[in-house]
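I am opening a notebook on a structure that is new to me. I will look things up one at a time and write down what I find.

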Amino acid sequence: MTLNYTHINSLIEGLESHQDAKMPFKLSMIVAKNLAMLKKEEEFYIDQERKFALEYLKFDAEKQEFVQNAPGVFAIQEGKEEECRKARQDLNDFTAELELRKIPLALIEDMEFTPKQLLALEMLIEEE
């Protein structure tokens, strides 16, 4: 399954929202393994974001923070504008190919879900 960062983050939230619920062993294994795999990819993406910031954004050493032109708009190091745009686009295009385990509908049909939780897990549910 090919996922972008938004999908990875959404699945993590959906799985974490049920992390403390009592569930059958098989379902618990599926949730735990998928969560571990997704978190590993999330950590990789966050590390790439950190490297991007250090490489392309202006940093105020005195204040120990990145310089902002406006709230949420970070200043780019001089001479790196075009390179920064390309690197940002590469991060925006980030995808990961993961072999996530599907959740059989029979394992979750008796569980309670909010619509938000269900939508977050929708791509993992295997309808029979």
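How many salt bridges does a search of the whole structure find? I note first that this is a predicted model. My search of the whole structure finds eight salt bridges. I took up some of them in turn.

**Entry: Asp 47 and Arg 50**

I looked up Asp 47 and found its side chain in a salt bridge with that of Arg 50. The N to O distance is 3.4 Å. Where do the two sit relative to each other? Asp 47 and Arg 50 are three residues apart in helix α2, which runs over residues 25-56. That separates them by about one helical turn. I recalled the general rule: an α-helix has 3.6 residues a turn, so residues three or four places apart point the same way.

I then checked accessibility. Asp 47 is partly exposed, with a relative accessible area of 26%. Arg 50 also counts as partly exposed, at 47%. The pair is not isolated, since Asp 47, Arg 50 and Lys 51 are linked in a network of salt bridges.

**Entry: Glu 49 and Arg 88**

Next I looked up Glu 49. Which residue does Glu 49 form a salt bridge with? The partner is Arg 88, and the closest N and O atoms are 2.8 Å apart. Glu 49 belongs to helix α2, while Arg 88 belongs to helix α3 (residues 81-92). The pair therefore ties together parts that are 39 residues apart in sequence. Glu 49 counts as partly exposed at 24% relative accessibility. Arg 88 counts as partly exposed too, at 25%.

**Entry: Asp 90 and Lys 86**

I stayed with helix α3. Asp 90 and Lys 86 form a salt bridge there, with 2.9 Å between the closest N and O atoms. Both residues lie in α3, four residues apart, about one turn of the helix. Is Lys 86 buried or exposed? Lys 86 is exposed, with a relative accessible area of 51%. Asp 90 counts as partly exposed at 42%.

**Entry: the faces of α3**

I looked up the span of α3. The helix has 12 residues and reaches 16 Å from its first C-alpha to its last, close to the 16 Å expected. Which residues of α3 are buried? I found Cys 84, Ala 87 and Leu 91. Seen down the axis, these buried residues fall within an arc of 65°, so they line one face of the helix. On the other side of α3, Glu 82 and Lys 86 are exposed.

**Entry: α1**

I made the same kind of check on helix α1, residues 5-16. Helix α1 has 12 residues and reaches 16 Å from first C-alpha to last, close to the 16 Å expected. Its buried residues are Ile 8, Leu 11, Ile 12, Gly 14 and Leu 15. They cover an arc of only 165° around the axis, which puts them on the same side of α1.

**Entry: the cavity**

Last, I searched for enclosed space. The structure holds one cavity of 30 Å³ or more. The largest cavity has a volume of about 60 Å³. What lines it? I listed Leu 15, His 18, Met 23, Leu 27, Val 31, Ile 103, Ile 108, Met 111, Phe 113 and Leu 121. I sorted this lining into nine nonpolar residues, one polar and no charged. Leu 15 turns up in two of my entries: it is buried in α1, and it lines the largest cavity.

Notes
Residues numbered from 1 in each chain as written. Predicted model: local features only at pLDDT ≥ 70, side-chain atom pairs only at ≥ 80, totals over all residues. Heavy atoms only, no water. 1 Å grid on protein atoms, 1.4 Å probe; cavity = no way out; pocket = protein on both sides within 12 Å on 5 of 7 lines; lining within 4 Å. Points joined across faces, edges and corners; volume = space filled by probe spheres on them. Nonpolar A, V, L, I, M, F, W, Y, C, P; charged D, E, K, R; others polar. Salt bridge = Lys/Arg side-chain N within 4 Å of Asp/Glu carboxyl O. Buried < 20%, exposed > 50% of the residue type's maximum accessible area, 1.4 Å probe, protein only. Expected span 1.5 Å × (residues − 1). Arc of directions from axis to C-beta.
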